[in-house]
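The exercises that follow are meant to be worked through with the sequence and the structure side by side. Please try each task on the displayed model before reading its solution.

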Amino acid sequence: MRTEVFILQQPMSVCVPPNHEVTLRVQAIGSGALKYQWFDKHQTEVAGGTDPELTVTLQRSGKYICRVSDLHYNYQFTEWVKVRILDEPGVSHTWRGEPHIVIHPISQRVKPGETFTLKCKALGKPAPAYQWYRNGLILPKQTTETLRIENASADTVGSYLCAVSNILEERWSEAAEIEIAPPDPKPEPTLMATDKVALLIGNLNYSNHPGLMAPTMDVHELANLLQQLGFRVVSLLDLTLQEMHAAIDKFLQLLDRGVYAVFYYAGHGYELSGRNYLVAIDAPRPYRTENCVCVQKLMHSMQNRKAQLNVILLDTCRKWYKQKGPLSDIKPSAPLGNTVYGYATSEDAEAFEVQNGGKSTGIFTKYLNKHVLKPERVTRVLEQVSVDLGKDPLVRGRQVVEVRHTLTEPRALTDPVRTSGHTMELRRRDACWKQANVLPCRRSLDFLYCGVKVELSFSALFSNVLVVFATVKNSSALDHDCILKLESEPKMQDIFSCSGRSEEMDSLLGNSAETPDCTLRLCCLQRLQGSLVIKVTVHYTHTQTKEHLTESKELDIGRPLIASCKMNPMRPVDRRQESRVHTVDHMSNIRYPHHQNHPRPGRPYTRKAENRLQSSAKSSSTSSNEPEENDEND
């Protein structure tokens, strides 16, 4: 009688570390002697695997199955059995196969509605079984290594445990606490400006007070940085009182709701009864409040325009100056929460500039330029300027930054500009301010008699300073020793002609790929009453006759840069003097000295305007590297 083969005991899966010896066993009955053959996961016979027991040592997980047969060709296969390898440390050499948890579930904070997953893994011989619990209660059908919970809510929070067991022992995992995270706070709305405009004024050549060096570089560098932040910038040097008021009036016309406005001034200044005054280059000596611009009155005018952010930065002295006479009439500012004052120095103190390596800079503006591009609220930027200046050994104990503000929002100079919804307003401001920085186009002039072609190009480092470059593009066989000369009609002043300033101005132009043959610098364009004509004269030697000849051409470039804004109204001209008028300088009393006493490199020099009655001879002979004191008794 033939009897089939029966499997009495299936081999059991195990979970062990690498290189751990594992023995798989099968027990079967049948007629006669039984034969055994083990196969791996590729259904390939295992060499030597012909016994009821199979001993293996693995580096990687594997699967095995055993075929049991008799002499009558009856056979039966066992179930597939898995030898799982977990490369986790911590198993002792005496381990018998009881559950050893190597990965515990981890506590989590999840958002409402999210899906979270908990994992528990253990070694065991045989492989352990898993059962999950929440708050001590069994979770039906959750009997795998991984627990996945969808749509997290208050009903799914709590303490989760996993029981791991085999025939030898039962072990519990560490508890995993699941919490529902509070909803994310609503993102703060991005603060934006509808436009950004800036007016920068630097006064350096004073007719009745010591000259300064640093405003040139300070205004130029700050203007470039503000342009990188998206500001429409107009930068002006050496303004009279009337010109300062005219520039400020143009500036105020650009302010409107949502606009960020920056006003910067570098030059002489003082303080009187809590009011700050900016000294124009034509201020007399002694000066009075009516000869200067009142800062608080300026801020009041800015606030009346309802701008979103008003920033006034003053790199000037605040020495107290006692004088008789009426104070500036100032109305209290409205509580708009949009005002920032950045003072280079504290009350009754001086602000200093320094020359270092041929470069002049105000110490306050030096550190302002270092931080102004940072995407932080404007008050934080000024606080960083204060910290750096306070560490500067040149002015420690003599100059301290003061910051005042009424901001109710963390607005920054780096805030983006939103142009939608106010296209017409933007175009109006663009047309009004852009013209102050429009350069004449590059032009070529042909000189017919000498056969020379001259190209004229233009550059502007400030809105009222134009630089004209002339370059000979080709010459003929008829000329020799060609020399160019540039002139303007009317003649314009060069405020940088004094010692040291011309070199510093030239350094701002940078290194050009092509060196011009002649350069003409035209300053104070705000005083131009009509068109500006550039006269180009070619001096050359005729190669055949050896005669020294000249040929001239003129080019009308209109009213370039700030001249197009017509800041100076046309005044009646005295016809008796008309034939002798050759310049546009209507300030006959302003003197631009060719030499000023300035500090030695690395030494600070005050930005305080003297207000004492002294003779010009005494003033010109005075030279000191130390701050000078005001005579408050005058």
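## Exercise 1: Salt bridges

Arg 109 and Glu 179 form a salt bridge in this predicted model, and the closest N and O atoms of the two are 3.3 Å apart. Locate the two partners in the chain and state whether each is buried, exposed or partly exposed.

**Solution.**

Step 1. Arg 109 belongs to strand β11 (residues 108-110) and Glu 179 to strand β19 (residues 176-180), and the pair, 70 residues apart, links distant parts of the chain.

Step 2. The distance criterion is a side-chain nitrogen of Lys or Arg within 4 Å of a carboxyl oxygen of Asp or Glu, and the pair is listed at 3.3 Å.

Step 3. Arg 109 has a relative accessible area of 58% and is exposed, because the class begins over 50%. Glu 179, with 41% relative accessibility, counts as partly exposed.

## Exercise 2: Two further pairs

For the salt bridges Glu 169 to Arg 171 and Asp 494 to Arg 521, give the N to O distance and the accessibility of each partner, and then place the second pair in the chain.

**Solution.**

Step 1. In the pair of Glu 169 and Arg 171, the closest N and O atoms are 2.5 Å apart. Glu 169 is partly exposed at a relative accessible area of 29%, and Arg 171 is likewise partly exposed, at 28%.

Step 2. The side chains of Asp 494 and Arg 521 meet in a salt bridge with an N to O distance of 3.0 Å. Asp 494 lies in the loop between β34 (479-489) and α7 (501-508), while Arg 521 is in strand β35 (residues 518-522), so the salt bridge ties together parts that are 27 residues apart in sequence.

Step 3. Asp 494 counts as partly exposed at 25% relative accessibility, whereas Arg 521 is buried, with a relative accessible area of 12%.

Step 4. Salt bridges that share partners also join Glu 271, Arg 318, Glu 347, Glu 402 and Arg 404 into one network. The count of salt bridges comes to 22.

## Exercise 3: A six-stranded sheet

In which order do the strands of the open sheet that contains β20 follow one another, and which strands stand at its edges? Then describe the surroundings of β20 itself.

**Solution.**

Step 1. The open sheet has six strands in the order β21-β20-β22-β26-β27-β30, and its pairing is mixed.

Step 2. At the edges stand β21 (232-237) and β30 (402-405), each of which has a single partner strand, so one side of each is left without a neighbour in the sheet. From one strand to the next, the twist averages 10°.

Step 3. Strand β20 (residues 195-202) pairs with β21 in the parallel sense over six bridges, and eight bridges join β20 to strand β22 (residues 259-266), again in a parallel run.

Step 4. Ala 198 stands opposite Val 233 in β21 and opposite Val 262 in β22, while Leu 199 stands opposite Val 234 in β21.

Step 5. Eight of the eight residues of β20 are buried. Both faces are covered, with Asp 195, Val 197, Leu 199 and Ile 201 on one side and Lys 196, Ala 198, Leu 200 and Gly 202 on the other.

## Exercise 4: A covered helix

How many of the nine residues of helix α4 (residues 363-371) are buried, and which are they?

**Solution.**

Step 1. Helix α4 is mostly covered, with seven of its nine residues buried.

Step 2. The buried residues in α4 are Ile 363, Phe 364, Thr 365, Tyr 367, Leu 368, Asn 369 and His 371.

## Exercise 5: The whole protein and its confidence

Summarise the protein as a whole, and then name stretches where the pLDDT is below 50.

**Solution.**

Step 1. The secondary structure comes to eight helices and 38 strands, and of the 634 residues of the protein 49% count as buried.

Step 2. Among contacts between residues at least 6 apart in sequence, 73% join residues at least 24 apart. The protein exposes about 31500 Å², of which carbon and sulfur atoms supply 50%.

Step 3. The mean pLDDT is 83, and 81% of the residues reach 70 or more.

Step 4. Over residues 571-597 the pLDDT stays under 50, and the model has 46 contacts beyond four places in sequence for this stretch. Over residues 612-634 the pLDDT is also below 50, and this stretch has 44 contacts beyond near neighbours in sequence.

Key
Residues are numbered from 1 along each chain as its sequence is written. This is a predicted model: local features need pLDDT of at least 70, side-chain atom pairs count only at pLDDT 80 or more; totals for chains, interfaces and linings use all residues. Side-chain values use heavy atoms; hydrogens and water are left out. Helices (H or I, at least four residues) and strands (E, at least two) are DSSP runs, numbered from the N terminus. Buried means under 20% relative accessible area, exposed over 50%, partly exposed in between (1.4 Å probe, protein chains only). pLDDT is the predictor's confidence in each residue, from 0 to 100. Contact means heavy atoms within 4.5 Å. Two strands pair if DSSP finds at least two bridges between them. Axes are lines fitted to C-alpha atoms, for helices over the stretch in contact, and angles run from 0 to 180 degrees between N-to-C directions. Accessible areas come from the Shrake-Rupley method with a 1.4 Å probe; for residues, only the protein chains shown count as cover.
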